Amino acid sequence: MRALASLVLVIAACGPSHRGNGGDDDDTGDGGTDAEPPNLCKVQSDESGIGMCDQVAPPGSFEPELQWAWNGPPGETYSIVTPLVANLTDDNNDGVIDLCDSPEVVVVAGGASGGQPGQAGHIFLLDGKTGTMELRFPTIVDNTVTPALGDLDHDGVPEIVTVDQAGRLYAFSNTGAVKFGPAGMWAGDHYSGAIALADMDHDGEVEIIGGNTVFDHTGAVKWTANAPQATWNASTVADLDGDGFQELVLGAAAFHYDGTLYWNTNLAGGYPQVANLDDDPEPEVLLTNTSGLSLMNHDGTIKFQDLRPTGVAAGGTTWIRPATIHDFDGDGKAEFAMSSSSFYTLYNQNGTIKWSTPVSDSSGIAAGTAFDFLGDGTAEAMYADEQFLFVFGPTGAPLFSMPRTSGTLSEYPVVADIDNDGSAEIVVVSNTLSGTPSPTVQVIRDKMDRWIQARRIWNQHTYHVTNVREDGTIPQYEQKSWQRLNTFRTNAQISGSGVCQPPIL
């Protein structure tokens, strides 16, 4: 077991002239001192804590435009899972891959558009600045599974983890080489599932999670939870019981890091989201399943169950959709947003509606995200339905829409600084349900790059900021996201003082 290291926060800089230098959490303890200037392209330690953002965009700074679009190669133009972002190539040719290189967008694309089980795809690396295809991994993977990325072997560069069409685990290097695989088998149905990474037992090695199956960092199965996963799933981990180790959270049930049962509600399986959604200091688990919205305390006791506030009836995939958690209105309390087929809705913590706006998404199980592009304390919600990418204002009215076509499987738009220019971008993928498809990947920026900078990483479907550092390393001791940023499936603003918005609770 690796020696215990103190958990500190990091500042990642790319020179004194770079606007909005990045930061996140680190436990390496390798930062510089006042007498010793830091290496500006490495993650630095900073025990001063998380500061408030000093960035506010100028008036009139919400002018979205297309930065670039990418159409996959012939026969592989459909992407139906969430794109990822990380630094994976040495763009400035200084011999190292670090935060002064331009990030890559990681896309899974294939030739089938229907999102049916067992579809073949490949992993592609796209240059974040231009959208140029840098690499197509030769190994066939399952086109319906969202990969995860993180540094599994401590070489300083993230690996990309997913499964093949049979559900066997693979890990790939940034060059597309197979690190391991075919390895252990995902025990449940992996169709439209999502991989997650975490050091659940704090031994310095990363566990890999797929549904109700936990693998070690070499791809071998460690254990399988004695409870069913959801038909479609994106399991997450969190230290629910406060014992210092992380639980596997399936949504309807939770298991300790060693596979023993913590609690089981016997509700239907669904998507779990972990955040502080009441007035006590403990986390809650928001479960979105086929019956509606349910909220559990950290110990599994149910606060409310099977709510369907929009009035849309249960059935099919209408309510089993991932949620986004963020303090959308800047009042210091987190809200959550999700689709219910014909509406995208922002909810208060008790499940009552804050606003609801029509969308067209009867086909799939897509999620959304949110980001405060202007630094004004209120976040814009984003959602991509079967026809459009939407960015919503504070009352739910669309501020921006852009055509994109999809059968909406498990993909959702993500926000990150994908070109290292100090300003956030939106990344959205497309496939087709019918008609003419949109480009496989589209990236939206402010036309003058005035949006506040986001972190330069998005590593998994259940992204919640504290689960990964900007350089792709997975924390040995993950900070409790509900105590730090209290967000889920949203990115953080960064500045020279580190991660700064939403503010620390």
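**Overview of the chain.** The protein chain contains 1 helix and 38 strands, as seen in a predicted model. Buried residues account for 63% of the 505 residues in the protein chain. The area that the protein chain exposes comes to about 16,200 Å², and carbon and sulfur atoms supply 52% of that area. When contacts between residues at least 6 apart in sequence are considered, 58% of them join residues at least 24 apart.

**Close-up of the open sheet with strand order 30-31-32-33.** This sheet is built from 4 strands with antiparallel pairing, and it is open. Strand 30 (368-371) and strand 33 (398-403) each have a single partner strand, so they stand at the edges, and one side of each is left without a neighbour in the sheet. From one strand to the next, the twist averages 15°. Strand 30 is joined to strand 31 (residues 380-384) over 4 bridges, and the two strands pair in the antiparallel sense. Within this pairing, Gly 368 is found opposite Tyr 383 of strand 31.

**Close-up of Gln 387 in a loop.** Gln 387 belongs to the loop that lies between strand 31 and strand 32 (388-392). Is Gln 387 buried, exposed or partly exposed? Its relative accessibility is 41%, and because values from 20% to 50% fall between buried and exposed, Gln 387 counts as partly exposed. Leaving aside residues up to four places away in sequence, Gln 387 touches Ser 360, Met 402, Pro 403 and Arg 404. One of these, Met 402, is 15 residues from Gln 387 along the chain, and the C-alpha atoms of the two are separated by 8.4 Å.

**Close-up of the aromatic residues.** A search of the whole structure finds 17 aromatic pairs. In one of them, Phe 390 and Phe 392 are stacked, with 5.5 Å from centre to centre and 15° between the planes. Both Phe 390 and Phe 392 are buried. The pair of Trp 458 and Tyr 463 is also stacked, because the ring centres are 4.4 Å apart and the planes stand at 25°, which is under the 30 degrees that sets the limit for stacking. Trp 458 is buried, and Tyr 463 is buried as well. Phe 390 and Phe 392 also take part in one aromatic cluster, which is formed together with Tyr 344, Trp 355, Tyr 383 and Phe 388.

**Close-up of the hairpin of strand 24 and strand 25.** Strand 24 (residues 292-297) and strand 25 (residues 302-307) run antiparallel and are joined by 3 bridges. Across this pairing, Leu 293 stands opposite Leu 307 of strand 25. The hairpin has 4 residues between the strands, and Gly 300 takes a positive phi near 90° in this hairpin.

**Close-up of the open sheet with strand order 10-11-12-13.** Here 4 strands form an open sheet whose pairing is antiparallel. Which strands are the edge strands of this sheet? They are strand 10 (148-150) and strand 13 (178-180), each of which pairs on one side only. On average, and with direction ignored, neighbouring strands of this sheet are turned by 35° against each other. Strand 12 (residues 169-172) runs antiparallel to strand 13, and 2 bridges join them. Phe 172 stands opposite Val 178, which belongs to strand 13.

Key
Residues numbered from 1 in each chain as written. Predicted model: local features only at pLDDT ≥ 70, side-chain atom pairs only at ≥ 80, totals over all residues. Heavy atoms only, no water. Pairing = 2+ DSSP bridges. Axes fitted to C-alpha atoms, helices over the stretch in contact; angles between N-to-C directions. Buried < 20%, exposed > 50% of the residue type's maximum accessible area, 1.4 Å probe, protein only. Contact = heavy atoms within 4.5 Å. Areas by Shrake-Rupley, 256 points an atom, 1.4 Å probe, with all protein chains shown as cover. Phe/Tyr/Trp six-rings, centres within 6.5 Å; stacked < 30°, edge-to-face > 60°.
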